[in-house]
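Me: I would like to learn how to read the features of a protein model. Could you take me through this one, step by step?

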Amino acid sequence: MAPRTNGIGVQVENTRICVVMVGLPARGKSFIAQKAQRYLTWLSIPSATFNVGNYRRTDAPQPSADFFDTNNQEGERKRRAAAEAAVADMLRWFKKGGVVGILDATNSTKERRKWVLDIMTQNNIEVIFVESRCDDENLIMANIRDVKTTSPDYQGQDPETAALDFRNRIRNYEKVYKSLNEDGDEDDLTFLKIMNVGKQVIINRIRDYLQSRIVYYLMNLHIRPRSVWLSRHGESMLNLEGRIGGDAELSHRGEEYARKLPELVLESVGSDRPLTVWTSTLKRTIATARHLPKHYNQLQWKALDELDAGVCDGMTYQEIADLYPDDFQARDEDKYNYRYRGGESYRDVVIRLEPIIMELERSEDILIISHQAVIRCIYAYFMQKTQEESPWVPVPLHTLIKLTPRAYGTEVQTYKANIQAVSTWRGKGSTAKHEDPSPEKSLFQTH
Ligand SMILES: Nc1ncnc2c1ncn2[C@@H]1O[C@H](COP(=O)(O)OP(=O)(O)OP(=O)(O)O)[C@@H](O)[C@H]1O
């Protein structure tokens with residue numbers, strides 16, 4: 001059997017990594033875990049998160065702070081049982097082909113970390129500990145209000161009482177908490193310690209490529225409020241003819257969209273704070289960005305160029321179906337993996353977009369003007385679309401999409417320019433030049 005590879009080209013046949021989160025409550029462990037899982041899944045690396053709190057809730061659905069007191073034996077027993085159940089499930093999942101399993105729990109004592117390390121090592125699974133430390137009281141309280149008072153642990157309770165109880169829960173953990181290698185005797189462990197949301201990071205004994213990708217990604221995360229805007233170029237001359245690829249000029253209506261875009265952006269930003277604009281290197285995206293304010297920084301990325309249709313570049317779908325019927329069918333059957341002859345697949349596009357995603361994570365407000373397939377891939381990253389779904393997502397022309405990352409997900413808003421354009425969406429099996437996606441396919445709530 002050929003070795004399994006994935007979106008970052010790593011052979012993962014023998015690699016299995018358990019990422020063990022470490023840190024007091026409300027330090028963003030679940031936030032970090034779900035982002036890492038989303039990134040790895042997007043790159044086709046089988047990954048899953050095992051949240052010990054979810055296991056504990058089956059036995060203790062709404063515990064008060066004293067449940068987490070280390071002198072509470074009943075509480076200790078139940079928390080230990082929850083950790084054991086999560087680890088057992090993770091091991092079963094690894095046996096079925098999992099590659100990166102994330103253990104989302106406080107793991108705040110050396111004993112607990114050693115326990116996980118021993119089990120994983122016995123099963124030939126590498127372990128990286130990822131600790132989030134934060135001593136910014138304001139941020140901790142904001143986190144508690146943001147996500148903890150609405151947690152199932154406090155369902156139906158007064159938010160202020162819940163926040164207070166959660167603060168007390170943290171105090172119970174603080175009594176026994178040991179930061180990674182705090183006493184100098186965990187120096188052999190592989191770990192990443194993130195202090196105050198990346199102000200300082202410590203990296204210890206990172207070994208292979210996949211470990212270093214995970215660490216690099218996590219080092220780049222930030223939580224400053226921001227949005228990412230996505231727009232396709234204005235309608236092009238080839239869009240009018242229903243031809244794919246090429247490097248055409250904008251149509252008359254496409255030009256109109258380019259002129260309207262600054263107003264649309266201003267409306268959706270809600271202030272005159274400047275955005276950084278990334279376009280592809282193709283004429284139609286550069287022309288679409290041309291009327292944006294001069295004080296917006298603009299950058300062209302080759303990685304944002306449209307999916308390369310190889311020998312089919314410049315053809316209509318009907319021409320492709322006539323000339324390459326087997327290819328046409330193969331693409332419909334597995335659009336994510338189908339690679340045009342001499343061109344690219346969606347999978348290839350995701351690989352070349354990986355540096356874009358990394359840069360997006362590091363950045364603040366960015367407006368990306370790119371192409372249908374590329375925007376589908378970026379959208380899939382933020383919205384966790386599967387490989388089956390993402391190549392079919394309708395991304396209409398003359399529409400601005402605003403993505404705003406939140407604690408555990410991404411909010412989407414769309415702004416229509418109300419300038420007519422052809423539809424370039426195509427349903428499975430169809431060779432129509434311009435087909436409207438059925439209303440239920442329309443994903444976006446429009447402004
Ligand atoms: N590195 C970080 N340091 C502090 N806060 C962060 C960090 N990363 C994300 N956050 C914030 O943490 C909040 C989410 O908290 P989260 O639920 O992930 O905490 P947790 O550590 O998993 O808590 P618990 O142990 O109770 O599950 C979000 O509001 C997010 O903005």
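Reply: Start with strand pairing: two strands pair if DSSP finds at least two bridges between them. This is a predicted model. Here C18 has G101 in β3 as its bridge partner. That bridge belongs to a set: β1 (residues 17–22) and β3 (residues 100–104) pair in the parallel sense over four bridges.

Me: Which strand order does the sheet with β1 have?

Reply: The order is β2-β3-β1-β4-β5-β6. The sheet is open, has six strands and shows mixed pairing. Its edge strands are β2 (47–51) and β6 (200–204), each pairing on one side only. On average, neighbouring strands are turned by 15 degrees against each other, direction ignored.

Me: Is β2 largely enclosed or left open by the rest of the structure?

Reply: Use burial for that: buried means under 20% relative accessible area. Four of the five residues of β2 are buried, so the strand is largely enclosed by the rest of the structure. β2 pairs with β3 in the parallel sense, over five bridges. In that pairing N51 stands opposite D104 of β3.

Me: Which strands do helices α4 and α7 touch?

Reply: Read a packed helix by its contacts, then by its angle; angles run from 0 to 180 degrees between N-to-C directions. Helix α4 (residues 110–122) lies across β1, β3 and β4 (126–133). Its angle to β4 is about 155 degrees. Helix α7 (residues 209–219) packs on the sheet and touches β1, β3, β4, β5 (191–195) and β6. The direction of α7 makes about 5 degrees with that of β5.

Me: Which residues of α7 are buried, and what caps its N-terminal end?

Reply: The buried residues of α7 are L210, Q211, R213, I214, V215, Y217 and L218. The cap is D208. A side-chain oxygen of D208 lies 3.4 Å from the backbone nitrogen of L210.

Me: What comes between α7 and β7?

Reply: A loop, and R226 lies in it. Check accessibility before judging a charged side chain. R226 counts as buried, because its relative accessibility is 7% and the cut-off is 20%. Then look for a polar partner. The side chain of R226 reaches the backbone oxygen of S363 at 2.7 Å. Leaving aside neighbours within four places in sequence, the contacts of R226 include L360, E361, D365, L403 and P405.

Me: Which strands stand at the edges of the sheet with β7?

Reply: Take the order before the edges. This open sheet of six strands runs β9-β8-β10-β7-β11-β12, with mixed pairing. β9 (297–300) and β12 (409–416) stand at the edges. Each has a single partner strand, so one side of each is left without a neighbour in the sheet. Neighbouring strands here are turned by 20 degrees on average, direction ignored. β7 (residues 228–232) pairs with β10 (residues 366–370) in the parallel sense over five bridges. S231 stands opposite I369 of β10.

Me: Which helices lie across β7?

Reply: Among them are α9 and α13. Helix α9 (residues 252–269) lies across β7, β10, β11 (399–406) and β12, at about 30 degrees to β11. Helix α13 (residues 346–362) lies across β7, β8 (276–279) and β10, at about 175 degrees to β8.

Me: Which residues does UniProt list for "binding site"?

Reply: Treat a database annotation as a record, then test how it sits in space. The unreviewed UniProt entry lists R232, H233, G234, E235, S236, M237, L238, N239 and R284. They are spread over 53 residues of sequence, yet cluster in space, with a largest C-alpha distance of 14.1 Å. From this set, R232, H233, S236, L238, N239 and R284 are in the lining of the largest cavity.

Me: Are N239 and R284 buried or exposed?

Reply: Both are buried: N239 has a relative accessible area of 9%, and R284 has 4%. N239 is placed in helix α8 (residues 237–241). A polar atom of the N239 side chain lies 2.9 Å from the backbone nitrogen of S236. Beyond four places in sequence, N239 touches residues including R232, H233, L397 and H434. R284 is found in helix α10 (residues 283–288). Its side chain makes a polar contact with the side chain of H233, at 3.3 Å. Beyond four places in sequence, R284 also touches residues including S236, D247, E306 and H371.

Notes
Residues are numbered from 1 along each chain as its sequence is written. This is a predicted model: local features need pLDDT of at least 70, side-chain atom pairs count only at pLDDT 80 or more; totals for chains, interfaces and linings use all residues. Side-chain values use heavy atoms; hydrogens and water are left out. UniProt positions are given in the numbering used here, feature names are shortened, and annotations may be inferred rather than shown by experiment. On a 1 Å grid over the protein atoms alone, a cavity is a set of points where a 1.4 Å probe fits but cannot get out, and a pocket is an open set with protein on both sides within 12 Å along at least five of seven lines; lining residues have an atom within 4 Å of a point. Helices (H or I, at least four residues) and strands (E, at least two) are DSSP runs, numbered from the N terminus. Buried means under 20% relative accessible area, exposed over 50%, partly exposed in between (1.4 Å probe, protein chains only). Contact means heavy atoms within 4.5 Å. A polar contact is a pair of N or O atoms within 3.5 Å; within protein, one must be able to donate a hydrogen and the other to accept it, and residues adjacent in sequence count only if both atoms are side-chain atoms.
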